[in-house]
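The following exercises are to be worked with the sequence and the coordinates at hand. Each task is followed by a solution in steps.

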Amino acid sequence: MEKEQFFQLLKESIEDSRERYYRNLVYIEDAEKYLDLVKEVLLLYLSINPEAQVAYAFHPWVKGAKDRMKEMRSLCKNFVDIDYSASERYLGATFDVVILDLVDNFEPNYIGRLVDLVRGGGIIILYTNSLTEGKLFRNSLIKNGKVRDVYEKRFKRKLEEHEGIFTIVNSVYNAKPFKGKIGDKPRPLIPPNPIMPEALHSLCLSPDQNKVLDSFVNLRGSNRRVLVITASRGRGKSAVTGLGLAGYLYRIAERERGKKLKIVITAPSISSTSQTMEFLKKGLEVLGIKHREKRSNLGFLNSIEGEFFRVFFEAPEAILETEGDILVVDEAAAVGVGIIDSALKIWRKVVLVTTVHGYEGSGKAFLRYLTRVLKQRKSTVYWQEMRRPLRYSEGDPIEKWLYDALLLDAEPKEPEKDKFTVLQFETLNQEELFADDEKLRQVYGILVTAHYRNNPNDLMIMGDGLHHRLVSLNTSDGIPIGVVQIAEEGGLSEEMIESALKGVTFDGDLIPDRLIKHARLKEFGRMKGWRIVRIAIMQELQGKGFGSEMLKMVIESGQSHGLDWIGSAFMGDVKVINFWIKNGFRIVHVSPKRNEKLGDFPVVVMYPLTEVAEKVVEIASYILKDKLLNTIHDVYFGMDPEVARLVIYGTRAHKDVDINKIYIDKAVAFIQGVSPYESSADGIHMLTLKYFWDARRNWSLTPEEEMLLIAKVLQGRPWRFTSASLRSNRTHVNEMLYEIVAQLLYKYYGITADVKTGVELKDIS
């Protein structure tokens with residue numbers, strides 16, 4: 001296609017998109033003229049929409065990047081430059097043009113995050129000199145000097161397949177204007193007989209938003225209630241959550257003047273709550289409710305307070321200690337089921353808002369986890385799903401391309417049941433897999449739906465990393481029902497091991513890196529192993545032993561390859577930890593810090609295959625258990641007691657603990673009722689340590705009793721938290737603690753409550 005024809009078709013498509021409210025995308029890849037071509041495209045758009053708001057994303061610290069940005073800025077009236085590393089804070093913003101500088105880096109996460117900032121009638125411009133050469137993220141995947149490019153090949157193929165996309169690749173022009181049907185442009189529509197004030201409904205842009213706004217009235221009442229709002233990106237879920245809170249405050253104020261309501265909003269970061277807080281403010285303003293606000297140093301609203309209410313942001317780890325009337329969790333999938341589960345035990349009214357596809361995608365897997373948790377909590381649950389996009393019309397071609405190119409909505413098809421008679425293992429070839437859309441969607445869909453914490457980068461790592469291998473479990477007709485993604489790690493040089501000991505991080509060798517730093521044993525760097533990045537079975541087939549069979553296959557294969565260990569690293573989820581422990585793996589490391597984005601403590605497990613590995617794994621497990629029991633009141637204070645219980649057992653480490661008779665006597669005084677808990681806490685603490693260090697006993701307390709000891713005695717949690725964790729009240733918890741201490745005294749020392757108290761000097765050694 002000639003250049004003139006290309007730009008004429010692009011001009012016509014921009015004009016049509018402004019009329020029908022959809023988006024276009026231009027991809028430019030040229031070794032030398034890329035910047036001139038970007039200018040031509042941008043000036044063409046500005047000739048049609050001179051007042052366009054333009055966002056430009058780049059890495060400002062890379063040489064030459066700022067100069068390119070300044071050239072673009074000089075062409076625009078309304079221009080915002082976005083540092084990729086801080087781009088999350090712009091997720092609620094909307095622009096007419098978004099330009100992504102891919103000269104220094106091509107990273108799928110940024111594509112998924114920033115493409116959706118463009119409104120209908122707008123344009124996305126992606127430009128680079130090459131999609132593979134000198135790219136920061138791709139270079140991080142290099143192992144032994146090698147890396148694939150299968151992800152980039154597929155990405156470019158998808159640009160050619162979809163409408164609404166215009167490409168210029170090394171002077172070859174290709175235009176594919178959008179010819180499909182499009183839905184109506186989003187607009188306010190006040191429903192008949194609205195429950196919330198019409199002033200709030202006038203700020204909604206879809207029937208979905210109207211429906212969700214009215215659903216906030218369900219939070220009224222004294223019993224436990226949970227409102228779950230799910231949507232793909234760009235559906236206005238955060239905005240309507242803010243309006244819903246304003247409406248709730250308005251309706252409650254009509255009935256309960258005098259009581260000051262406290263609403264806590266949490267999210268992976270304060271920037272994630274910006275839309276909710278801004279629309280809460282808008283809602284209060286249109287309702288005429290007086291309020292004052294406070295903002296963070298970065299300008300985000302972190303508190304809105306009025307005469308009868310206060311709404312404020314708290315970090316996820318703080319919400320378990322904060323008291324209030326309503327808890328709102330924005331981007332709940334990113335906060336993590338562990339924190340949500342703990343919060344549901346404590347808070348009586350909870351609003352959970354989460355993305356089900358898209359950049360923060362969770363898919364059906366998170367909803368399945370959440371459904372299980374909500375059933376256990378026995379709360380009244382109201383589900384609201386939002387489908388209609390607000391930034392652009394339904395049927396937008398760029399949304400279709402984005403979901404296909406990044407596999408944001410990948411969900412596997414379940415094979416026919418008669419095909420499960422013969423199951424086969426297959427080592428997948430990444431080149432062939434990424435060229436076969438149907439099989440890739442099946443394989444990646446299994447991983448996504450089993451592990452809801454996925455992001456677009458994961459697919460690129462899976463395809464381009466030469467040290468990553470994929471193995472599938474297939475039915476007799478070759479349909480994958482299970483997948484294992486493996487990364488080869490270890491065999492580090494002595495220089496790298498010394499660097500790791502001094503704090504240098506090697507993410508490509510995650511398990512050796514963490515174990516060298518925390519267990520301090522150099523052998524962890526010298527040994528070679530496989531880290532299981534993901535192991536997943538189709539959700540309909542989980543719990544039937546397929547996962548364990550796949551794990552056995554990986555272990556056998558590792559032995560045949562002469563490896564020292566098989567391991568895995570994951571977020572500390574109860575169900576996942578149980579799986580690894582059940583299959584003979586030992587817990588060797590738990591991060592001393594929560595993962596800020598995922599909300600849980602990362603856990604490392606290992607299965608030793610050699611004698612040396614056996615020894616170092618045993619030492620690492622012992623050191624971990626010692627650290628956990630000694631610092632759980634401090635470093636691991638925020639760990640869920642149920643997770644802590646499994647970690648303690650998962651180390652399988654043993655130590656005999658001798659207790660001074662004075663401490664034993666204090667514990668006796670407690671069960672006799674003559675000494676309160678606070679006075680006998682040191683004796684009870686020693687008994688608790690003895691119990692948890694004892695890995696050789698043939699008896700156990702109940703899981704509930706063990707969690708009580710962890711939460712109250714080891715972590716030092718307040719009685720309120722401890723009671724809520726056990727879904728109980730303080731009286732019952734106190735009684736349970738008496739029974740536990742009495743049982744430990746009897747099992748270890750044969751002491752009962754009727755024994756005489758007091759210690760003679762001669763009894764003290």
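**Exercise 1. Determine whether S130 is buried or exposed, and describe its surroundings.**

Step 1. S130 has a relative accessible area of 9%. Buried means under 20% relative accessible area, exposed over 50%, and partly exposed in between, with a 1.4 Å probe and protein chains only. S130 is therefore buried.

Step 2. S130 is found in the loop between β5 (118-128) and α5. Helices (H or I, at least four residues) and strands (E, at least two) are DSSP runs, numbered from the N terminus.

Step 3. Not counting residues up to four places away in sequence, S130 touches E29, L102 and K135; contact means heavy atoms within 4.5 Å.

Step 4. From C-alpha to C-alpha, S130 and N105 are 9.8 Å apart in space, and they are 25 residues apart in sequence.

Two remarks on the basis of these values apply throughout. The model is predicted, with local features needing pLDDT of at least 70 and side-chain atom pairs counted only at pLDDT 80 or more, while totals for chains, interfaces and linings use all residues. Residues are numbered from 1 along each chain as its sequence is written, and side-chain values use heavy atoms, with hydrogens and water left out.

**Exercise 2. Describe the chain as a whole: how many helices and strands are there in the chain?**

Step 1. The chain holds 29 helices and 22 strands.

Step 2. The radius of gyration of the chain is 29 Å, close to the 27 Å given by the globule rule for 765 residues, so the chain is as compact as a globular protein of that length. The radius is taken over C-alpha atoms, and the rule is 2.2 Å times the number of residues to the power 0.38.

Step 3. The C-alpha trace spans about 100 × 70 × 55 Å along its principal axes.

Step 4. Of the 765 residues, 58% count as buried. Among contacts between residues at least 6 apart in sequence, 74% join residues at least 24 apart.

**Exercise 3. Characterise the packing of α23 on α24, and then place G638.**

Step 1. The axes of α23 (residues 611-631) and α24 (residues 641-651) come within 9 Å and cross at roughly 150°. Axes are lines fitted to C-alpha atoms, for helices over the stretch in contact, and angles run from 0 to 180 degrees between N-to-C directions.

Step 2. This angle makes α23 roughly antiparallel to α24. Angles under 35 degrees count as roughly parallel, over 145 as roughly antiparallel, 65 to 115 as roughly perpendicular and the rest as oblique.

Step 3. The crossing of α23 and α24 is left-handed. A crossing is left-handed if the near helix is turned anticlockwise from the far one by less than a right angle, and right-handed if clockwise.

Step 4. From α23, S621, L624, K625, L628 and L629 meet A644, V647, I648 and T651 of α24. By class, the contact of α23 with α24 has 6 nonpolar, 2 polar and 1 charged residues. Ala, Val, Leu, Ile, Met, Phe, Trp, Tyr, Cys and Pro count as nonpolar, Asp, Glu, Lys and Arg as charged, and the others, Gly among them, as polar.

Step 5. G638 lies in the loop between α23 and α24 and is buried, at 17% relative accessible area. Not counting residues up to four places away in sequence, G638 touches R594, F601 and R717.

**Exercise 4. Characterise the packing of α18 on α19.**

Step 1. α18 (residues 494-501) and α19 (residues 510-519) have axes that come within 8 Å and cross at roughly 55°. The two helices are therefore oblique to each other.

Step 2. The crossing of α18 and α19 is right-handed. I497, A500 and L501 of α18 make the contact with D513, I516 and K517 of α19.

Step 3. The residues of this contact divide into 4 nonpolar, no polar and 2 charged.

**Exercise 5. Locate N144 and S171, and state what phi each one has.**

Step 1. Most residues other than glycine have a negative phi.

Step 2. Phi of N144 is near 55°, a positive value. N144 lies in the loop between α5 (136-139) and α6 (150-161) and counts as exposed, at 74% relative accessibility.

Step 3. S171 has a positive phi of about 70°. S171 lies in the loop between β6 (165-169) and β7 (172-176) and counts as partly exposed, at 41% relative accessibility.
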